[in-house]
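Colleague: I'm new to reading protein models. Could you go through this one with me and explain the labels as we go?

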Amino acid sequence: MAHPLHLTINVEVLTAAELTPAEAATWQAARAATDHAYAPYSHFHVGASLLLDDGTIFRGTNQENAAFPSGLCAERTALFGLAASQPERRIVGMAVAARPASGDFVAVTSCGACRQVMAEYEHRQQQAIPLLLPGPNGSIYRFRSLSDLLPFGFTADDLPQKG
Ligand code: THU
């Protein structure tokens, strides 16, 4: 019998003053990273930061290209960069920030392709990664898990078993 299935995503809406010290550092790192975006075409500077289990922070920025589809979002340069250089590291938090090339920070959310990649690395480490995104009017959205951005997402669990 057809019946509704209601999904719930718990998001906390915070001010910067309510972040934990580690979250505040991650948040600031994402904002600072926007200075290193390479966005000569969109002029939209995006920074992403990954808080690691040893307390260090790894950053990514959007990298654009004259052949537009060859560019990559900040979330993926961060995740791919970390996985390529320090694959043993566990990620315990993530934040994203965005602003026009010359202008103040704005609300932003991650694109669909980034959501898929974010879910992959969370699944890989078998531990939820909390995410901070800039919401409207200077608010901060705190998600409990990267995969909260991708309900019904496809993961390695959906692939047929080997052998
Ligand atoms: N972009 C990101 O880096 N992350 C997002 O979450 C949204 C979009 C980048 C891609 C491109 O360089 C620019 O923002 C405009 O789409």
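Colleague: What makes Arg-89 partly exposed?

Modeller: Arg-89 has a relative accessible area of 28%. Buried means under 20% relative accessible area, exposed means over 50%, and partly exposed is in between, with a 1.4 Å probe and protein chains only. So 28% makes Arg-89 partly exposed. Before we go on: this is a predicted model, where local features need pLDDT of at least 70 and side-chain atom pairs count only at pLDDT 80 or more, while totals for chains, interfaces and linings use all residues. Residues are numbered from 1 along each chain as its sequence is written, and side-chain values use heavy atoms, with hydrogens and water left out.

Colleague: Why is Phe-152 called exposed?

Modeller: Its relative accessibility is 71%, so Phe-152 counts as exposed.

Colleague: And what makes Cys-114 buried?

Modeller: Cys-114 sits at 0% relative accessibility, so it counts as buried.

Colleague: How do you know that Arg-89 forms a salt bridge with Asp-54?

Modeller: A salt bridge is a side-chain nitrogen of Lys or Arg within 4 Å of a carboxyl oxygen of Asp or Glu. In this pair, the closest N and O atoms are 3.2 Å apart, so Arg-89 and Asp-54 pass. Asp-54 is partly exposed, at 40% relative accessibility. By this rule the count comes to four salt bridges.

Colleague: Which residue does Glu-12 form a salt bridge with?

Modeller: Glu-12 pairs with Arg-142, and their closest N and O atoms are 3.0 Å apart. Glu-12 lies in strand E1 and Arg-142 in strand E6, so the pair ties together parts 130 residues apart in sequence. (Strands are DSSP runs of E, at least two residues, numbered from the N terminus.)

Colleague: Why is there no bond between the sulfurs of Cys-73 and Cys-114?

Modeller: A disulfide is a pair of cysteine sulfur atoms within 2.5 Å. The sulfur of Cys-73 is 3.8 Å from the one in Cys-114, its closest cysteine sulfur, so that's too far for a bond. The structure holds zero disulfides.

Colleague: What makes the pair of Glu-75 and the ligand a polar contact?

Modeller: A polar contact is a pair of N or O atoms within 3.5 Å; within protein, one must be able to donate a hydrogen and the other to accept it, and residues adjacent in sequence count only if both atoms are side-chain atoms. A polar side-chain atom of Glu-75 lies 2.6 Å from an oxygen atom of the ligand, so the pair fits the cut-off.

Definitions and conventions:
Helix = DSSP H or I, 4+ residues; strand = E, 2+ residues; numbered from the N terminus.
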